[in-house]
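The following exercises are to be worked through with the sequence and the three-dimensional model at hand. Each task is followed by a solution in steps.

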Amino acid sequence: MRAVVIREHGGLDTLRLDETPSPAPGRGEALVRVRAVALNNLDVWARSGPPGGRPIFPWGRMRLPMITGVDVAGVVEQLGSDVRTATVGQRVVVNPILSCGTCEWCVSGEQSMCAEYHIFGEHTPGGMAEYAVVPEQNLHVLPEHVPFERAAAVPACYTTAWRMLMTVARLRAGEDLLVVGASGGVGTAALVIGKFAGARMLAIVGDEGKGAKAAALGAISINRKEHPQFSERVRAFTGAGVHVVADPVGAATWPESIRSLRPGGRMTICGATGGERPDIDIREIYQRHRQILGAPMGNVSDFRTVMDLVIRGALTPVIHAVLPLREIREAHRMFESREHFGKIVLVP
Ligand SMILES: [Zn+2]
């Protein structure tokens, strides 16, 4: 099969479609013919090396060579032994959450708290290929009316954003929501989910074009280049500040994100692409009764909830571009130059 096999860290020129043996499904696994796969930070970091050489995956290092690709939709092509429910020809989207299944966290449904928690396509071979092997329990049936490209845009970012806003921050209709880094995968997901939840939304973006796209999703946009102290603009719109901030960026935006919260407001976080050591006076947190809530990916319930809302048409993920897998270099270039608004999806 053809696949993007990352063999070394380097620039765009290290990316190519290689011919490599197709994987064979083992016990309880299915071989899925990949019809769409979305790009994430981790695919770019796997190629470029982690930002600043810092380890980004506290639960283990990525080993090269590696086929990445967390967000996969496709068709079941072949079954391994002892497969109970999956059938050949079934349309599926992959739930990327892998865990031990037996510890106290797994039993209580909190798979991403499991000590053995890992992610399909990040710690196991993923979907930047014509075929991928997936454990049967990670297959989610996809009805005919949902395009593969739309389904592939959902798993990592929409599960994370759902976890952040709905499960952890408990966003309610009528509340004010600020989304920082609003043009990225998690940011656009937070806008789509925030609108669904009935929040009034503000979005921090990097340029006018992205501001217009955030406005089309129902947000008041604030250009962070014009307003690096964006909390002042947030307070100009909201008075006391927002009820909820979704900040997937990290150190670069934390101080202003926290200052954008009203007393008692909740900030929910899922990543540190903009650095992991913010310069903040902790009195700004506790003296204003502000809360900081971690949400690194969600659990299987978060995944199923958000996927079913997409299948029912209640949520429509934002897709920036759909490209053939052979244009993997262009996809990485687009992602790294931050020109995208929403997900970049590749089709093998
Ligand atoms: Zn477990």
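A residue is called buried when its relative accessible area is under 20%, exposed when the value is over 50%, and partly exposed in between. The structure shown is a predicted model.

**Exercise 1.** Determine how the rings of Trp-162 and Phe-196 are arranged, and classify each residue as buried, partly exposed or exposed.

Solution.
Step 1. A search of the whole structure finds one aromatic pair. Its members are Trp-162 and Phe-196, with 6.1 Å from centre to centre and 45° between the planes.
Step 2. Planes under 30 degrees apart count as stacked and those over 60 as edge-to-face, so an angle of 45° makes this pair tilted.
Step 3. Trp-162 belongs to helix α4 (residues 155-168) and Phe-196 to helix α5 (residues 185-196); the pair, 34 residues apart, thus links distant parts of the chain.
Step 4. Trp-162 is buried because its relative accessible area is 9%, which is under 20%. Phe-196, at 38%, is partly exposed.

**Exercise 2.** Describe the surroundings of Thr-14.

Solution.
Step 1. Thr-14 is located in the loop between β1 (2-4) and β2 (17-19).
Step 2. With a relative accessible area of 14%, Thr-14 is buried.
Step 3. A polar atom of the Thr-14 side chain lies 2.7 Å from the backbone oxygen of Gly-11.
Step 4. When neighbours within four places in sequence are left aside, Thr-14 is in contact with Glu-8 and Arg-47.

**Exercise 3.** Compare the span of helix α10 with the expected span, and state what covers its buried residues.

Solution.
Step 1. Helix α10 (residues 300-311) has 12 residues, and from its first C-alpha to its last it reaches 16 Å. This is close to the 16 Å expected at 1.5 Å a residue.
Step 2. The buried residues of α10 include Phe-303, Met-307 and Ile-311.
Step 3. Among the elements that cover the buried residues are β5 (91-94), α3 (148-152), α4 and α5.
Step 4. At the start of α10, a side-chain oxygen of Asn-299 comes to within 3.0 Å of the backbone nitrogen of Ser-301. Gly-313, which follows α10, has a positive phi near 85°.

**Exercise 4.** What is the sign of phi in Arg-170 and in Arg-338?

Solution.
Step 1. Most residues other than glycine have a negative phi.
Step 2. Arg-170 has a positive phi, near 50°, and Arg-338 has a positive phi of about 60°.
Step 3. Arg-170 lies in the loop between α4 and β10 (176-179) and is exposed, at 56%. Arg-338 lies in the loop between α11 (328-336) and β17 (343-347) and is partly exposed, at 42%.

Definitions and conventions
Residues are numbered from 1 along each chain as its sequence is written. This is a predicted model: local features need pLDDT of at least 70, side-chain atom pairs count only at pLDDT 80 or more; totals for chains, interfaces and linings use all residues. Side-chain values use heavy atoms; hydrogens and water are left out. Helices (H or I, at least four residues) and strands (E, at least two) are DSSP runs, numbered from the N terminus. Buried means under 20% relative accessible area, exposed over 50%, partly exposed in between (1.4 Å probe, protein chains only). A polar contact is a pair of N or O atoms within 3.5 Å; within protein, one must be able to donate a hydrogen and the other to accept it, and residues adjacent in sequence count only if both atoms are side-chain atoms. Contact means heavy atoms within 4.5 Å. Rings of Phe, Tyr and Trp (its six-membered ring) pair if their centres lie within 6.5 Å; planes under 30 degrees apart count as stacked, over 60 as edge-to-face and the rest as tilted. The expected span of a helix is 1.5 Å times one less than its number of residues.
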